[in-house]
Amino acid sequence: MKLNKNFFSMKGRSGKFLAGVAVLAMLTGASAARADVDIALGIPATGGQIAALGAQARLGAETAVAAINAQGGINGEKINLQIVDDQCDPKNAVSAANQVVSRGIKFVLGHLCSGASIAASDVYNDEGVLALTASATAPELTERGYPLIFRANGRDDQQGVVGGKFVADKFKDKRIAIIDDRQVYGQGLAREAGKVLTEAGIKPVYVGTVNAGERDYSALVSRLKSENIDIVYFGGYHTELGLIVRQARQAGLNTRFIGADGLAANEFWSVAGDGGAGTLFTFSASAKDLPSAQEAYAELRKGGEPDNFAFYYYAAVQTLAKAIAEAGQDPEKVAEALKAGSFDTIVGTFRFDDKGDLVDPDYVIFEWNDGTYAPTKL
Amino acid sequence: MAYFVDQFFNGLTLGAVYGLIAIGYTMVYGIIGMINFAHGEVFMIGAFISLIVLLLLAQIGIAAVPVAILVTLVLSAVFTALWGYVVERIAYRPLRGATRLAPLISAIGMSILLQSLVQLAQGAGQKSLPPLITGRITLGEIDGQTVEVAVVRVVIIAVTLVLMAAFSIFVAKTSFGRAQRACEQDRKMAELLGVNVDKVISLTFVSGAVLAAVAGLLYTVYYGSIDFFIGFLAGLKAFTAAVLGGIGSLPGAMLGGLLIGLIEVFWAGYASAEYKDVAVFAILVLVLLFRPTGLLGRAVVEKV
């Protein structure tokens, strides 16, 4: 989810490079040609903490593939899942994408991270490969009009809308501030939340920014205190908000903060301490409570306790398999099928708009309490 | 007005930490005429040692906060001092008598080395500590707004003031302080008169590291979130503080630290939070241009 990394556009270069790779592909392609449906999964398989999320996506995808293959595959053809490692890094994602192309694979699940997805999508778009991520949230991924790039999860700016509506709904008579960290993710959230508030006729008392990566937010805290702010919509990550909340509570400021899925990290609580109680954020509905997901949940649990990444990648496999079953193995036809149809998955029904984004993704407001978060009772 | 008082205390807290680090810069400059660019990293190591000790103490069940902090203070000071000593021994002593540029480059290398060491040993992620000292003291009421100050801020300011006073007395009254001042004035002469210059320089690095360790502890307790990179910005700002106060001058470093803290916070509070670092470093440029000796520094007469 909140995995924006900087990305470097490799568009011009990848074309030339790929010409060379294509020759290699012809040499190796013969052995790869089977009557299977090859699908690549682009994840950080190595590379620190982020690899844990990659493992979740892999668990979800592999479980789904096993289930589909057990029922006869796609129109009798087995799905052959291949892992490509991007380490959540845009540069590595481009070489991972080139690998996918060179192996002659036409369908990709992923990538997991936004920055990696954006970088890889340039290659996929040029080479006619269809990619469906179930975790990249940066709006830019689908904003460039690439017809073969799809997203089976919400966008950052959609969360801002949900968060803004919640504030307008529950706290409309309070003194509201909007603060962001001036990064792609945070700024987008704050902008969309601000739009919703303006439409609802609410004018924030204070609008400000913070510098990401700093430690001292005491000046901001004093400002919020002197303005008597009750509610802050915060666009940014847990690292900054954890420090802001900690310093706010130390200064005796009891403002409530609301943000997005960037706050869904245990690190938030360990920095903010008990003062983090009551902090709200938008987050994808917890899939393991859904009745439709119970059967898959039982399977997924065999590989360790799954989180939302596993469920959404499971659902992405289901979606892609159904679209391929309808349209065959031509990526362009599959893209048309994805945009035209609706797809029942374990986490609900997926429909895609013209950009390739999920229509009405399911966001729920969560609340931090006692070191853990759960859907809010507000 | 309540807002002003609030911001004033914010600035004092920040300035206290900068001041403690700045002393290390200024002392080393005073005695061997080099900028120890690895000093910010010594502060960072102090913060890490403090965090590790605090977590260990919590593990073995020492729950009383004042005790835990005192024990951490001592242990962190000892271990960080060891680092300060080793850095001087490895990176600077062999270069004594070399050109002025050589130890400077060595210092930058040391800074990168220490950062990478901590990154490898502790990982690149944030390390966190829950708030230890909570609560506030009410100072009074201005224009209907209560003015409060967090206890942790009072602790930071008090510890810093006590330490600075003790250190000033140490330099002014003890034989080590005398030897140090003698080396600062004329190293060759001091050596001829029987002062063990190498030992004095080592002790200077050690005492700078002790103060940086305390700054690291205060930083860890207050912000509760550290990583291997914190020494860079904090070190740069403390260096600016030392230059503003007059590099080589002990009271100058303390004053400079407090001023930099106040400037940073007031700029963020009244002008723009985005450009507060620009404000701080603009001061560095202005001081270097118009008053290179700083506020309390004295001009060095080049002896020919």
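Here a colleague and a modeller talk through a predicted model of two chains, A and B.

Colleague: Glad to be looking at this with you; how are residues numbered, and what does a local feature need in this predicted model?
Modeller: Residues count from 1 along each chain as its sequence is written, while chains are lettered from A and ligands numbered from 1 in the order in which they are written. Because the model is predicted, totals for chains, interfaces and linings use all residues, side-chain atom pairs count only at pLDDT 80 or more, and local features need pLDDT of at least 70.

Colleague: What pLDDT does chain A average?
Modeller: pLDDT is the predictor's confidence in each residue, from 0 to 100. Over residues 1-33 of chain A it stays under 50. In chain A, 90% of the residues score at least 70, and the average is 88.

Colleague: Which helix of chain B gives the most to the side that touches chain A?
Modeller: Two residues are in contact if their C-beta atoms, placed from the backbone, lie within 7 Å. The contact takes 25 residues from chain A and 24 residues from chain B. At least two residues each come from helix 1 (2-32), strand 3 (145-150) and helix 10 (250-271) of chain B, where helices (H or I, at least four residues) and strands (E, at least two) are DSSP runs numbered from the N terminus. With six residues, the element of chain B that gives the most is helix 1.

Colleague: And which helix gives the most to the largest nonpolar core?
Modeller: A nonpolar core is a set of buried Ala, Val, Leu, Ile, Met, Phe, Trp, Tyr and Cys residues joined through C-beta atoms within 7 Å; buried means 20 or more other C-beta atoms within 10 Å of a residue's own, exposed 12 or fewer, and partly exposed in between, with C-beta atoms placed from the backbone. The largest core has 139 residues, and B:Leu20, B:Ile21, B:Val214 and B:Ala215 have the most contacts inside it. With 17 residues, the helix that gives the most to this core is helix 8 (residues 197-223) of chain B.

Colleague: How far apart are the end C-alpha atoms of residues 200-222 of chain B?
Modeller: UniProt, in an unreviewed entry, lists 200-222 among the spans of chain B with the feature "transmembrane region"; such annotations may be inferred rather than shown by experiment. The span is 100% helix and 0% strand, and its end C-alpha atoms lie apart by 33 Å.

Colleague: Is B:Ala242 buried or exposed?
Modeller: B:Ala242 sits in helix 9 (residues 230-245) of chain B. Its contacts beyond four places in sequence include B:Ala22, B:Tyr25 and B:Gly256. Because 34 other C-beta atoms lie within 10 Å, B:Ala242 is buried.

Colleague: What separates the centres of domain 1 and domain 2 of chain A?
Modeller: An automatic or database domain assignment sets the bounds, with domain 1 at 11-151 + 289-351 and domain 2 at 157-285 + 363-375. Taken over C-alpha atoms, the distance between their centres is 33 Å.

Colleague: Where is A:Cys88, which has a positive phi?
Modeller: A:Cys88 is not a glycine, yet its phi is about 65°. A:Cys88 counts as buried because 27 other C-beta atoms lie within 10 Å. Its place is the loop between strand 2 (79-85) and helix 3 (90-102) of chain A.

Colleague: Last one: which residue does a cis peptide bond join to A:Gly110?
Modeller: The partner is found in the loop between strand 3 (107-110) and helix 4 (114-127) of chain A. The bond has an omega of about 5°, and the residue joined to A:Gly110 is A:His111.
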